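Me: Got a minute to go through a model with me? I'd like to know what stands behind the labels people put on it.

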Amino acid sequence: MMKRLVLFLALTAGCGFAAAKPKPADPTPGEPLAVTMGQRTPVKIRVARGQATLIRLPEGQRVMSTYGGDKGEGGVWSVDAGKVPTRFLAVKPKETGIHTTLHVVSNTGQEISFYLHEVTGVDSQFDAEVEATDSNISVSSGAADVKWVPADEVSSCQRRVESMKVDAKVEAADAAKRTETVMTDYQANYPKKLFFGYRWDKAKAAKLGFEAAWADDKFTYFRAKNVLALYEIDQDGKPSLIQYSFADGLYTVPKVLYDGYFAIGPKKANKLAFHRSKS
């Protein structure tokens, strides 16, 4: 009976010691870890259960794709790159003693691989921050700086282009409508600007091939078959040669004429004077 009691006490004491075994201490954040994009050997990253390790890509790069680990769909790893591509990536193990590989590809086509190892109870510190720097890989001058574009940015650009096309069509239609309105108003009001009150010797005009003379508020026009020199008489009665254009039997003078004459040679018979009425 005494032996059984001693054995029972020994077993009870053993169980008590086993229950009192201390729980492994959680590791604390260590110094930020520096890595290089594109390095060939996967980088070993110490992670801690329930703790997020933040990975930063270099400035100007964004996380476009990740491979390996778990995307947080019920497995033992959580990998979060955010809804909008940025240079940040967070990984978090959900159990102790686990490990996985994780491959990250940036928008410039550079990549880096990690070996994630949960170290609770093994290491007193974990890597809470990982800073990735640019590799020195040269890129040919003909290659584009950005190889990938986020799908949401492509969709946004496409929507913007379609919107601009619609706006351009609306603006073009409005411009055409305004032009038509202006032209209609101009055609309706232009006859009111025409003045036909020019006088000349009709017989001499017919002999020299002149048929009509008129003006608007800017130009003077003569309908004729022949090309003659044109002179304007100023207020002092002095003539001066006037430049004009002639096409398809129409003289176009870039000013309003009042008194003047057409002439060819020195003979008076080849001179046609004209005068504009005051009203």
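What follows is a back-and-forth on the labels used for this predicted model.

Me: Start broad, please. How many helices and strands does the protein chain have?

Reply: There are 3 helices and 20 strands. The chain runs to 279 residues, of which 28% count as buried. It exposes about 18,600 Å², with carbon and sulfur atoms supplying 56% of that. As for contacts between residues at least 6 apart in sequence, 61% join residues at least 24 apart.

Me: Why is Leu-89 called buried?

Reply: Its relative accessible area is 1%, and buried means under 20%, so the label fits Leu-89. Leu-89 sits in strand β7, residues 88-93. Leaving out residues up to four places away in sequence, Leu-89 touches a list that includes Leu-54, Ile-55, Val-63, Val-79, Leu-102 and Val-104.

Me: And what is β7 paired with, and in which sense?

Reply: β7 pairs with β6 in the antiparallel sense, over 4 bridges. Two bridges are enough to call it pairing, so β6 and β7 qualify with their 4. One of the matches is Asp-80 with Ala-90 in β7.

Me: What makes one face of β6 the covered one?

Reply: Look at who sits where: Trp-77 and Val-79 make up the covered face, while Ser-78 and Asp-80 make up the uncovered one. That fits the general pattern, as side chains in a regular strand alternate between the two faces of the sheet.

Me: Which residues have the most contacts inside the largest nonpolar core?

Reply: Leu-102, Val-104, Phe-114 and Leu-116, in a core of 20 residues. At least two residues of this core come from each of β3 (43-47), β6, β7, β8 (99-106), β9 (111-118) and β11 (129-133). Apart from it lies another core, of 19 residues, with Phe-195, Ala-224, Leu-228 and Tyr-251 among them. Nonpolar side chains do tend to be buried together in soluble globular proteins.

Me: Now the sheet with β14. What is the order of its strands, and why do some of them count as edges?

Reply: The order is β13-β14-β18-β17, an open sheet of 4 strands with antiparallel pairing. β13 and β17 each have a single partner strand, so one side of each is left without a neighbour in the sheet, and that puts them at the edges. On average, neighbouring strands here are turned by 20 degrees against each other, direction ignored.

Me: How do you know that β14 has partners in this sheet?

Reply: Count the bridges. β14 (residues 220-224) pairs with β13 (residues 210-215) over 5 bridges, and with β18 (residues 250-253) over 4; both pairings are antiparallel. Phe-210 has Ala-224 as its bridge partner, Ala-213 has Phe-222, and Tyr-221 stands opposite Thr-252 in β18. A hairpin of 4 residues joins β13 to β14. β14 is also mostly covered, with 4 of its 5 residues buried.

Me: What makes Asp-248 worth a look?

Reply: Asp-248 has a positive phi of about 50 degrees, though it isn't a glycine. Most residues other than glycine have a negative phi. Asp-248 lies in the loop between β17 (245-247) and β18. Its relative accessible area is 75%; exposed means over 50%, so Asp-248 is exposed.

Me: Why is the contact between Asp-123 and Arg-46 called a salt bridge?

Reply: The closest N and O atoms are 3.0 Å apart, and the cut-off is 4 Å, so Asp-123 and Arg-46 pass. Asp-123 lies in the loop between β9 and β10 (125-126) and Arg-46 in β3, so the pair ties together parts 77 residues apart in sequence. A search of the whole structure finds 8 salt bridges.

Me: And Glu-232 with Lys-255: which of the two is buried, and which partly exposed?

Reply: Glu-232 is buried, at 15% relative accessible area, whereas Lys-255 is partly exposed at 34%. The line is drawn at 20%, so Glu-232 falls on the buried side. Their closest N and O atoms are 3.0 Å apart.

How values were computed
Residues are numbered from 1 along each chain as its sequence is written. This is a predicted model: local features need pLDDT of at least 70, side-chain atom pairs count only at pLDDT 80 or more; totals for chains, interfaces and linings use all residues. Side-chain values use heavy atoms; hydrogens and water are left out. Buried means under 20% relative accessible area, exposed over 50%, partly exposed in between (1.4 Å probe, protein chains only). Contact means heavy atoms within 4.5 Å. Accessible areas come from the Shrake-Rupley method with a 1.4 Å probe; for residues, only the protein chains shown count as cover. Axes are lines fitted to C-alpha atoms, for helices over the stretch in contact, and angles run from 0 to 180 degrees between N-to-C directions. A nonpolar core is a set of buried Ala, Val, Leu, Ile, Met, Phe, Trp, Tyr and Cys residues joined through side-chain atoms within 4.5 Å. A salt bridge is a side-chain nitrogen of Lys or Arg within 4 Å of a carboxyl oxygen of Asp or Glu.
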